[in-house]
Amino acid sequence: MPWEEDPGDLYEHAPCGYLTTLPDGTIVRVNETFLAWTGYERSELVGRKRFRDLLSPGDKIYHETHYAPLLSMQGDVHEVAFDVVCADRRRLPTLVNSVLGRDPAGHPRAIRTMVFDATERRGYEKELLKARRTAEASELRVRALQQVVAELSAAPSAAEVAGAVVRAPAAAFDAAFCNVWLVDPDRDQLTAVASTDPDGPARDDIPCSSSRPIAEVARRGDLHVVPTIAAAEERFPELADTMRRTGIRSAVLLPLTTGFAGETIGAEVLGVLSFGFTEERELDEPELSVVRLLGHQAGQALDRARLYDDAGRREARAMFLAETTRALEEPYRLMPRARNLVERLVPAIAEWAAVRLQIGPAGLLADAGGPAPDQVRLAERVAIVVANGKAEFTDVGADPDCAVLPLTAGGKVLGTLALRMAPGRRTAAAEAAFLSDLADRAGLALENARLYEQERAIARTLQRSLLAGDLPSDPRFAVETHYQAAAQDLEVGGDWFDAFLITQDKLAVVVGDVVGRGIDAATTMGQLRSAIRALASAEAGPARLLERLDRFVDRVESARMATVAYAEVDLTTNEMTYACAGHLPPLLTEPGGSPRYLLDARSGAIGSRAGSTARIEHRVPLSPGSRLLLYTDGLIERRTRPIDKGFEVLARTYAGRRDSPLPGLTKGLAQTLVGGDHPDDVCLLCLSLGTEERLERSIGADPVQIALLRKDLRGWLVSHDVDDDSTQAVLLACSEAVANAIEHGYRNDPFGIVDVTATISAAAIEVEVTDRGNWKGPTGEVSRGRGLRLIRQVMDQVNFDRRDGTTVTMRRTRREAR
Amino acid sequence: MTDQQWVTFAKMGSADLVRLAGEIDLANAPEIGREIVRHTGRSGAVLIDLTAVSFLDSAGVRLLDALVGDLDQAGTPIRLVVGETGAARMTLKLCAFRDDLLATDLERAADELGG
Amino acid sequence: MIFAHGYGCDQNMWRYVAPEFAGTHRVVLFDHVGAGKSDLRAYEEERYSNLEGYASDVLEIIHDLDLRDVIFVGHSVSAMIGVLAAIREPQRFAKLVLIGPSPRYIDDGDYVGGFAKTDVEEMLASLDSNYLGWSSAIAPVIMGNPDRPELGAELTNSFCATDPEIARKFAFVTFTADNRDDLPKLRTPALILQCTDDVIAPAVVGDYVHEHLRGSTLVAMNATGHCPNLSAPAETVAAIKGYI
């Protein structure tokens with residue numbers, strides 16, 4: 001039959017290749033068709049090659065990982081695509097079917113493989129595949145772009161926009177080394193803000209006028225594609241260096257512009273995106289259009305973020321101003337207010353800030369943060385700003401970003417605010433309006449604090465000078481007083497105490513309280529105090545005195561409704577006569593007895609129209625050793641407890657201290673009853689029939705006052721028959737201790753108060769000097785060291801307590817006792 | 001205190017005589033120091049009379065110390081005249097001022113400087 | 001004993017080996033995500049972007065089944081996966097059996113891995129070709145027999161079915177991995193089974209692994225190719241038994 005085939009010929013010349021191999025792939029038989037397709041000689045293959053040896057390296061892997069296991073498991077494999085490497089290295093695309101033959105025991109015996117020429121089909125497949133890969137890449141780009149656009153629209157700040165943009169090239173193009181630079185119009189430079197480099201963005205800023213490629217692109221506003229290092233070498237040698245260093249072979253520099261795609265006129269460049277490829281790469285037109293689109297989308301997002309930033313900054317600034325104004329009202333005093341200001345500024349606004357006030361001989365300084373600028377240059381600029389009252393926002397020279405603004409109030413320059421803006425923030429010049437506003441408000445707040453300090457100091461001084469007048473001393477009696485100002489820095493109150501000898505043998509003691517606070521109250525208190533001294537007479541007695549005071553307040557209206565507890569003691573008979581005008585009852589202890597309130601002789605406040613002004617008095621005989629306590633309502637009144645409870649607590653506390661020495665008694669009572677935290681002034685006077693002695697003075701932190709203190713102290717020492725040497729020694733030691741408090745403790749506080757207490761016994765004189773200033777450790781100054789040495793030389797015991805301010809306690813044994 | 005003259009100047013032989021009086025402390029020492037320096041800048045010898053000083057603190061000592069230092073350096077002889085007792089002598093002794101600086105008799109000190 | 005299949009196949013590849021141990025050991029077989037009957041939804045690109053992700057899966061299996069004194073038998077890439085898992089939780093592993101391990105397939109300086117970078121790219125292309133063939137030829141068959149999806153599988157290359165997308169990524173992860181630095185960290189005794197004429201993991205690579213794994217034993221097998229568990233199961237079983 002013509003269609004009958006010779007099996008041998010059919011095998012050899014079949015329209016497909018046949019191979020028979022051993023289970024390990026060694027070729028044992030191959031047909032002519034396969035040899036003709038591949039160009040191998042039969043002798044080259046049979047017994048010498050395995051089938052996999054004819055495959056391309058990639059297909060070898062596939063053969064080993066897929067084909068061989070499959071064949072061994074299922075016995076046959078179908079339509080596996082392999083490229084057979086021909087004798088001339090040409091590759092023949094094939095499809096391969098194999099069957100594994102086994103011997104009767106089931107052991108693999110041979111593999112029969114049929115090889116089809118798949119050139120056409122594979123060509124078609126490759127086209128398909130390429131189309132698929134292209135579509136996938138395009139889809140990937142579009143998806144990456146969509147992702148970026150979504151992120152951009154959600155990015156509220158320039159930094160977040162940059163963060164989103166910098167990730168886009170890697171996602172869309174498999175690009176590497178992406179960096180975003182933003183134009184900083186204040187500083188006229190480009191700053192790297194985001195990078196895919198794990199080390200973060202570059203730290204060097206590029207001036208907009210620079211010849212560097214980033215600046216060039218920002219100026220020209222068009223896309224630069226640098227396909228090779230050689231191309232970079234021609235135009236931007238520096239870029240070529242960077243590319244070589246970072247392993248980049250092609251680079252793209254894309255301006256981020258406002259306006260819509262395609263518009264270049266009027267579009268503003270807000271930043272530059274740079275990225276590269278680790279292999280040389282040409283971007284085709286669709287890719288370039290995606291890149292351009294990215295630039296526009298990013299530019300628009302930046303523009304929007306800029307507006308957001310601007311609005312956000314304005315809002316933050318307004319809030320900061322409002323909060324600062326409010327916060328500055330909080331501390332009344334000047335230095336805390338100045339400190340408060342600089343501490344609010346650093347680090348929120350500035351990295352360093354200093355307030356200098358032209359107050360006191362050396363001026364006052366509060367600063368925070370750092371580094372501080374060059375002090376000499378700063379001093380020059382401060383002097384200029386103080387002189388012409390105009391702010392300087394920049395400076396020529398090493399520290400251009402350091403601004404100095406005048407702090408003014410009522411046209412007067414009170415001092416300066418100097419600051420350097422926090423790094424990465426807008427410059428002081430760019431924030432000029434905000435900073436000026438801030439300085440104006442701060443100036444006003446500081447001026448108010450200064451006025452407050454001044455008034456407070458005057459009122460305190462007035463009050464203290466009135467209260468510090470000589471209290472009488474006499475072997476027959478002793479008076480102990482204590483005045484404790486309200487804990488909060490409120491204005492002074494109108495409380496007072498007084499003790500004076502009406503005659504040689506008649507002692508008057510007073511505690512009173514004027515309505516109101518501040519200078520007026522202090523002045524009125526002084527007037528009433530003087531009036532009582534003037535009106536008291538040997539014959540009048542307490543009731544008559546109060547009547548005269550009623551008439552006095554008709555002329556001094558501010559004294560109306562003042563309350564007074566007044567007692568006269570006849571020192572020859574120890575008989576006391578007392579009267580209370582609207583004041584809390586005196587508290588009396590007699591030896592061996594419990595404290596009792598003296599509730600007789602009560603009438604209304606001075607000049608009261610509603611209260612009883614029928615003035616009455618009451619007599620009480622006192623035994624030696626009696627103690628009479630007069631006090632103001634601050635001692636017992638508490639918002640949280642009824643007044644009768646207060647009376648009870650006072651009586652109990654007083655009873656508990658019945659045997660305590662008089663020195664320190666009133667202070668101890670005040671501390672026990674009101675502690676450190678009390679809203680009102682407290683004034684106490686304790687009269688003891690007996691002799692104990694104590695001198696108590698408070699002076700302002702002014703060297704001139706030391707001489708006045710010495711005068712009092714000298715008189716007090718002399719009156720106690722203290723020997724000359726001891727007097728000189730105590731005067732010197734006390735002067736040095738006070739000078740120390742003024743020069744160091746109150747170095748920054750010209751309004752500080754130094755308290756001096758001296759007590760004397762038969763054995764020794766003891767002086768205590770207390771300030772509440774900031775002790776900053778030994779200054780190494782020779783002068784003060786000498787002062788402290790002098791104290792130690794002339795006193796027998798000296799102790800420094802620097803827990804809260806400084807208290808120096810000094811003791812010198814009297815000559816008689818030595 | 002403003003009516004009080006803490007420092008007055010006179011000539012005694014060839015020496016400039018500086019008379020100090022009253023209490024000298026932190027409050028007035030710097031001012032007194034400036035006065036003295038102004039008057040004794042070109043002196044051949046300086047006598048400082050402290051016999052009328054009723055109080056002298058470490059600020060006063062600082063002033064005298066600086067003054068002595070400057071004059072010593074310039075080779076100008078100086079004497080401090082203090083009473084046998086009193087505040088000035090106490091403070092200066094406590095601060096261990098050199099004996100050759102201290103004198104008790106003004107005339108003799110002036111003679112010494114003149115010679 | 002955990003048997004972990006290598007790249008390109010699934011747990012079927014242990015069909016001649018694993019049963020030999022069922023009498024003496026608790027045998028655990030599994031498919032890596034993307035292979036065999038694994039749940040394809042569990043595939044996360046991020047997690048499986050390196051071999052550590054696959055090592056984590058092995059440890060999860062160990063934890064879930066609370067396995068101790070594990071003898072881990074890993075073929076090909078799973079050998080390295082087992083090494084990584086044993087480094088992380090050495091207390092769980094008794095011994096490792098590494099069949100045709102390679103810490104790096106691509107040549108790198110003096111190191112010979114057996115392949116050039118372009119070979120791996122070509123191999124990925126090869127995968128694509130076969131993926132096209134597979135999907136065009138088989139997908140209609142499967143879709144045409146919704147009642148009997150297994151029919152499609154029976155018709156052609158039914159074993160070692162893998163999701164082509166995942167397979168492509170697994171191939172990329174496998175053939176670009178470089179775990180040479182991890183070898184010295186292993187504290188678990190290991191047996192290396194090295195075949196003759198293994199183009200995937202040549203003898204020089206087996207020697208490299210042996211040299212860098214402390215206390216490892218290398219057995220050079222007569223079996224040829226990369227899958228002695230299929231081509232020479234008896235020899236493979238004997239070598240493993242001899243070791244454990």
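Which residues is A:Gln484 in contact with, leaving aside its neighbours within four places in sequence? Here are my notes; bear in mind that this is a predicted model.

1. To take that one straight away: the contacts of A:Gln484 are A:Ala670, A:Gln671, A:Val674, A:Gly675, A:His678, A:Asp680, A:Asp681 and A:Val682, once neighbours within four places in sequence are set aside. The residue itself sits in strand β16 of chain A, which covers residues 478-484.

2. Is A:Gln484 buried or exposed? It counts as buried, because its relative accessibility is 13% and the cut-off for buried is under 20%. Its side chain also makes a polar contact of 3.1 Å with the side chain of A:His482.

3. Now have a look at A:Asp184, in strand β6 (residues 176-184) of chain A. With 15% relative accessibility, A:Asp184 counts as buried too. Ignoring neighbours within four places in sequence, you'll find it in contact with A:Gln189 and A:Thr191.

4. On to the interface. Chain B brings 18 residues to the contact and chain A brings 21. Together the two chains bury about 1,700 Å², with 60% of that on carbon and sulfur atoms.

5. There are six residue pairs in polar contact between chain B and chain A, both partners at pLDDT 80 or more. The salt bridges between these chains number five. If you want one to click on, try A:Arg710 with B:Glu23, where the side chains meet at 2.8 Å, N to O.

6. On chain B's side, the elements giving two or more residues are β3 (46-56), α2 (58-74) and α3 (87-94). By type, the chain B residues that touch chain A split into 10 nonpolar, three polar and five charged.

Definitions and conventions: Residues are numbered from 1 along each chain as its sequence is written. Chains are lettered from A and ligands numbered from 1 in the order in which they are written. This is a predicted model: local features need pLDDT of at least 70, side-chain atom pairs count only at pLDDT 80 or more; totals for chains, interfaces and linings use all residues. Side-chain values use heavy atoms; hydrogens and water are left out. Helices (H or I, at least four residues) and strands (E, at least two) are DSSP runs, numbered from the N terminus. Buried means under 20% relative accessible area, exposed over 50%, partly exposed in between (1.4 Å probe, protein chains only). Contact means heavy atoms within 4.5 Å. A polar contact is a pair of N or O atoms within 3.5 Å; within protein, one must be able to donate a hydrogen and the other to accept it, and residues adjacent in sequence count only if both atoms are side-chain atoms. Buried area is the accessible area (1.4 Å probe) that two parts lose on being put together, summed over both. A salt bridge is a side-chain nitrogen of Lys or Arg within 4 Å of a carboxyl oxygen of Asp or Glu. Ala, Val, Leu, Ile, Met, Phe, Trp, Tyr, Cys and Pro count as nonpolar, Asp, Glu, Lys and Arg as charged, and the others, Gly among them, as polar.
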